[in-house]
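Thanks for agreeing to look this over with me. Here are my notes, point by point.

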Amino acid sequence: MIDPTLYRTIVGSLVYLTITRPDIAYVVHIVSSFVASPTTVHWAAVLRILRYLQGIVFQSLLLSSTSSLELRAYSNADHGSDLTDRKSVTGFCIFLGDSLISWKSKKQSIVSQSSTEAEYRAMASTTKEIVWLRWLLVDMESSFSHPTPMYCDNHSSIQIAHNSVFHERTKHIEIDCHLTRHHLKHGTIALPFVPSSLQIVDFFTKAHSISRFCFLVGKLSMLVAAAS
């Protein structure tokens with residue numbers, strides 16, 4: 001028998017830990033969806049997360065003092081990945097130079113009718129975070145001479161952001177998603193394409209094989225710190 005109170009306590013602690021541990025953001029997002037009525041399967045998943053953390057207790061993010069002040073972002077979505085309600089998962093991560101400073105793994109609030117729509121909603125969420133970070137850096141007397149690149153692996157989403165004439169594809173997408181097009185037009189962001197094999201933010205939208213997991217963790221600038 002699973003103790004729901006213990007499950008909620010541990011998962012709550014793990015949610016807090018994701019503030020500094022992006023490598024568990026996706027899986028904690030999954031197990032936190034079942035705090036109301038956890039089963040033995042969910043409890044086993046939580047124990048596996050704890051064993052993983054115990055094995056790499058000294059791994060942490062590298063925030064370099066010599067890093068540049070240029071932002072770059074990665075945006076992605078896993079379409080209809082939740083088998084219970086078919087909602088998609090939004091994922092993004094944003095780097096300041098080589099340092100990861102912002103990330104998210106979150107289920108979208110409504111069902112997307114296509115992978116393009118799911119990706120476009122993820123791009124809108126990423127755009128909001130980029131705009132906020134740019135404002136924050138400007139307040140710190142940093143300046144931007146170029147748009148912030150937001151890497152996406154979906155050609156259709158990029159085309160929609162550039163071309164407002166795709167009526168059949170965009171008429172069912174909520175108006176707030178067109179925030180991406182607004183900031184693209186005004187030079188706040190750019191939308192370069194990145195192949196799916198090099199899409200770092202895949203880490204925040206789905207489960208991976210061990211080799212792929214290790215590859216993506218290495219791209220997040222997470223290093224093993226020596227124990228003091």
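1. How far should the 16 residues of helix α3 (residues 40-55) span at 1.5 Å a residue, and how far apart are its end C-alpha atoms? The expected span (1.5 Å times one less than the number of residues) is 22 Å, and the end C-alpha atoms lie 23 Å apart, which agrees. Helices here are DSSP runs of H or I with at least four residues, strands are runs of E with at least two, and both are numbered from the N terminus.

2. A word on the source: this is a predicted model, in which local features need pLDDT of at least 70 and side-chain atom pairs count only at pLDDT 80 or more, while totals for chains, interfaces and linings use all residues. Residues are numbered from 1 along each chain as its sequence is written, and side-chain values use heavy atoms, with hydrogens and water left out.

3. Back to α3, whose buried residues are H42, V46, I49 and L53; buried means under 20% relative accessible area, exposed over 50%, and partly exposed in between, with a 1.4 Å probe and protein chains only. They cover an arc of only 55 degrees around the axis (from the directions of the C-beta atoms), which puts them on the same side of α3. An α-helix has 3.6 residues a turn, so residues three or four places apart point the same way.

4. What does the buried side of α3 pack against? Its buried residues pack against α1 (4-17) and α2 (25-31), with contact meaning heavy atoms within 4.5 Å. On the face turned away from that side, α3 carries the exposed residues T40, V41, R48, R51, Q54 and G55.

5. Do have a look at K106, in strand β4 (residues 99-107). Leaving aside residues up to four places away in sequence, K106 touches H29, S88, V89 and T90. The C-alpha atoms of K106 and F204 are 8.5 Å apart, although 98 residues separate the two along the chain.

6. On the cysteines, a search of the whole structure finds zero disulfides (pairs of cysteine sulfur atoms within 2.5 Å). For C93, the closest cysteine sulfur is in C152, 12 Å away, too far for a bond. C214 is in no disulfide either, as the nearest cysteine sulfur, that of C93, is 17 Å away. Are C93 and C214 buried or exposed? C93 is buried, at 0% relative accessible area, whereas C214 counts as partly exposed at 48%.

7. Finally, the whole chain: its secondary structure comes to eight helices and seven strands. Of its 228 residues, 45% count as buried.
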